[in-house]
Amino acid sequence: MFCVGRRPAQGVRYHGAGNAMKTLTVPEQSALVSRLSRACGGSYSPAQRRKYWISGPQWAAAYEGQALFHAPTRTPTGFEEVIRRYAEIGIPCWATHDTDVIPYSAILKDQQWEIVGRIKKSLDENGLKCSMVTTETFHHAVFAAGPAAEASAVRAYASKRLENTVEIGHKLGAEFAVYWPGSLGYQVQGAIEETQTLKWYAEGLNAACEADIALAKRHGRPTLKHCLEAKPFEPAAEILLPTSDAMLAFISSGLLRHPGMVGLNPEYLHELMWGAAPRAALARALLCGKLFHFDINDGYRLKHDVDLAVGLVNPLDWLNVLVLLRSHDYKGPFNLDYKPPRTTSNHGVFEVSFPTAVDRFITLWEMAGEVMTDPVLYEATEALKTGGTPSDPDDAASVFESQKELLTLHELISHRLFQILIGQHRGRTYSV
Ligand code: 3MF
Ligand code: MG
Ligand code: MG
């Protein structure tokens with residue numbers, strides 16, 4: 001194996017035999033990770049990172065690696081530590097589920113306000129803002145049949161939790177409330193009646209919006225932006241609102257009493273999971289004026305929710321997504337809703353995982369700016385729009401013939417985007 005700073009011997013591969021090094025103690029391992037992370041370079045300063053509206057969720061940093069087939073690999077991390085470490089990295093905002101920070105023994109009780117007070121103090125001391133709050137309506141047994149279950153007691157409880165989250169949001173200064181109805185559905189067919197369940201779900205959202213209107217008045221603040229987040233499957237096998245498009249239809253179905261207060265929080269991977277083009281899903285939300293908030297991450301098509309960090313799988317698609325959002329002047333937050341892999345340690349979560357995720361996002365965002373001002377792309381896209389003049393505008397063959405040379409530009413555009421992604425437009429070359 002080679003050391004950074006020393007030139008690897010001719011023919012050394014990055015997957016070497018692995019037996020040239022002596023074993024490392026655990027502190028030596030952490031030191032090596034930190035040293036190699038610095039050796040990567042290309043990182044931004046906390047002050048530079050703070051210029052972007054990026055939020056770090058409590059649940060992402062505190063995720064311990066557990067899942068259906070997985071035992072935890074990391075130890076618990078409380079909100080004080082998460083907030084402090086986000087501040088050090090330069091992540092300017094923090095987001096949370098109610099029960100990420102308030103245990104079930106305290107939620108909806110006076111005790112919760114003492115915790116909220118400690119959160120506020122921690123945010124203030126570290127100069128962070130709480131941008132978004134969300135209600136956990138999927139983990140606890142009470143939501144076994146979902147937040148819009150048949151039993152009115154369950155729905156009343158769910159409603160109270162949504163209203164309570166809105167109040168927590170106002171107390172912490174949040175601007176967004178997110179709703180992920182992953183347990184709004186069923187595992188076995190015929191068990192529920194879909195139209196009734198959706199009507200009950202709408203009642204919960206109506207209660208949250210109405211509580212918000214009253215609370216906003218009381219706190220002298222604007223109402224929150226209420227954002228629905230779709231995922232096609234998991235944890236329910238069949239989810240009643242599986243895609244952002246389904247949610248757009250739901251918002252305009254007439255079931256919501258305040259549809260203007262409700263928009264979307266699409267998640268990049270959730271759209272990919274059902275086989276969609278995330279950029280096209282975002283475009284549809286933009287056209288409806290409903291792109292309020294955006295969960296950023298990465299992963300694979302038609303697989304489960306692997307929640308990898310932004311840009312690790314589909315950097316070219318991510319570049320294109322950000323070109324779309326920049327071109328349409330998207331002004332909302334980018335929420336780092338990913339899960340540091342189980343192989344990343346507690347040390348690695350804040351030393352490697354979060355700073356590198358933020359830095360890839362910033363690089364892709366800045367690159368998107370280069371795409372928007374690239375002369376080759378500009379000329380190509382303008383020429384395509386100008387087109388040619390057919391000799392007979394009513395003859396399909398003539399219309400095609402008059403444009404056909406220009407259409408090669410589609411492929412050239414794609415090549416140019418690849419060049420921008422790898423820096424060839426700035427003269428990066430490879431000697432062969
Ligand atoms: C699940 C998610 C959720 C939501 C969160 C916010 C745990 O796949 O993406 O994260 O983003 O519940 O509502
Ligand atoms: Mg996800
Ligand atoms: Mg999400």
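Which helix gives the most residues to the lining of the second largest pocket? Helix H13 does, with 10 residues. This report covers a predicted model. It takes the pockets, then one helix, then the salt bridges.

## The second largest pocket

This pocket has a volume of about 600 Å³. Its lining counts 25 residues, and those closest to its centre are Ser37, Ser43, Pro355, Thr356 and Asp359. Three elements each give two or more residues to the lining: helix H1 (26–40), helix H4 (79–89) and helix H13 (346–373).

By class, the lining holds 10 nonpolar, 8 polar and 7 charged residues.

## The largest pocket

The largest pocket has a volume of about 1500 Å³. It is lined by 41 residues. Closest to its centre are Tyr63, Gln66, Ala67, Asp307 and Lys339.

Helix H3 (58–62), helix H5 (98–101) and strand E3 each supply at least two lining residues. H3 gives the most, with 3 residues. Sorted by class, the lining of the largest pocket has 17 nonpolar, 11 polar and 13 charged residues.

## Helix H12 and its cover

Helix H12 runs over residues 315–327. Does its length agree or disagree with the expected span? It agrees: at 1.5 Å a residue, its 13 residues should span 18 Å, and its end C-alpha atoms are 18 Å apart. After the helix comes Asp329, which has a positive phi, near 55 degrees.

A run of residues in H12 is buried: Trp318, Leu319, Asn320, Val321, Leu322, Val323, Leu324 and Leu325. Their cover includes helix H10 (268–273), helix H11 (278–287) and helix H16 (409–422). Strand E9 (294–295) and strand E10 (334–335) are also part of this cover. So is H13, the helix that gives the most to the lining of the second largest pocket.

## A buried salt bridge between distant parts

Side chains of opposite charge can pair when their charged atoms come close. How many salt bridges does a search of the whole structure find? The count is 23.

One of them joins the side chains of Arg161 and Glu136, at 3.6 Å from N to O. This pair links distant parts of the chain, 25 residues apart. Arg161 sits in helix H7 (residues 152–172). Glu136 sits in the loop between strand E3 (129–134) and H7. Are Arg161 and Glu136 buried or exposed? Both are buried.

## Salt bridges within helices

H7 also holds a salt bridge between the side chains of Glu167 and Lys171. The N to O distance is 3.3 Å. These two residues are 4 residues apart in H7, so about one helical turn separates them. Lys171 has 35% relative accessibility, so it counts as partly exposed.

Helix H14 (residues 375–386) offers another pair, Lys385 and Glu382. Their side chains meet in a salt bridge at 3.5 Å, N to O. They lie 3 residues apart, about one turn of the helix. Which side of the 50% cut-off does each fall on? Lys385 has a relative accessible area of 64%, over that cut-off, so it is exposed. Glu382, with 32%, is partly exposed.

## A salt-bridge network

Some charged residues join in a group. Glu81, Arg84, Arg85 and Glu88 are linked in a network of salt bridges. Their numbers fall within helix H4 (79–89), one of the elements that give two or more residues to the lining of the second largest pocket.

How values were computed. Residues are numbered from 1 along each chain as its sequence is written. Chains are lettered from A and ligands numbered from 1 in the order in which they are written. This is a predicted model: local features need pLDDT of at least 70, side-chain atom pairs count only at pLDDT 80 or more; totals for chains, interfaces and linings use all residues. Side-chain values use heavy atoms; hydrogens and water are left out. A salt bridge is a side-chain nitrogen of Lys or Arg within 4 Å of a carboxyl oxygen of Asp or Glu. Buried means under 20% relative accessible area, exposed over 50%, partly exposed in between (1.4 Å probe, protein chains only). On a 1 Å grid over the protein atoms alone, a cavity is a set of points where a 1.4 Å probe fits but cannot get out, and a pocket is an open set with protein on both sides within 12 Å along at least five of seven lines; lining residues have an atom within 4 Å of a point. Grid points are joined across faces, edges and corners, and a volume is the space filled by probe spheres set on the points. Ala, Val, Leu, Ile, Met, Phe, Trp, Tyr, Cys and Pro count as nonpolar, Asp, Glu, Lys and Arg as charged, and the others, Gly among them, as polar. The expected span of a helix is 1.5 Å times one less than its number of residues. Contact means heavy atoms within 4.5 Å.
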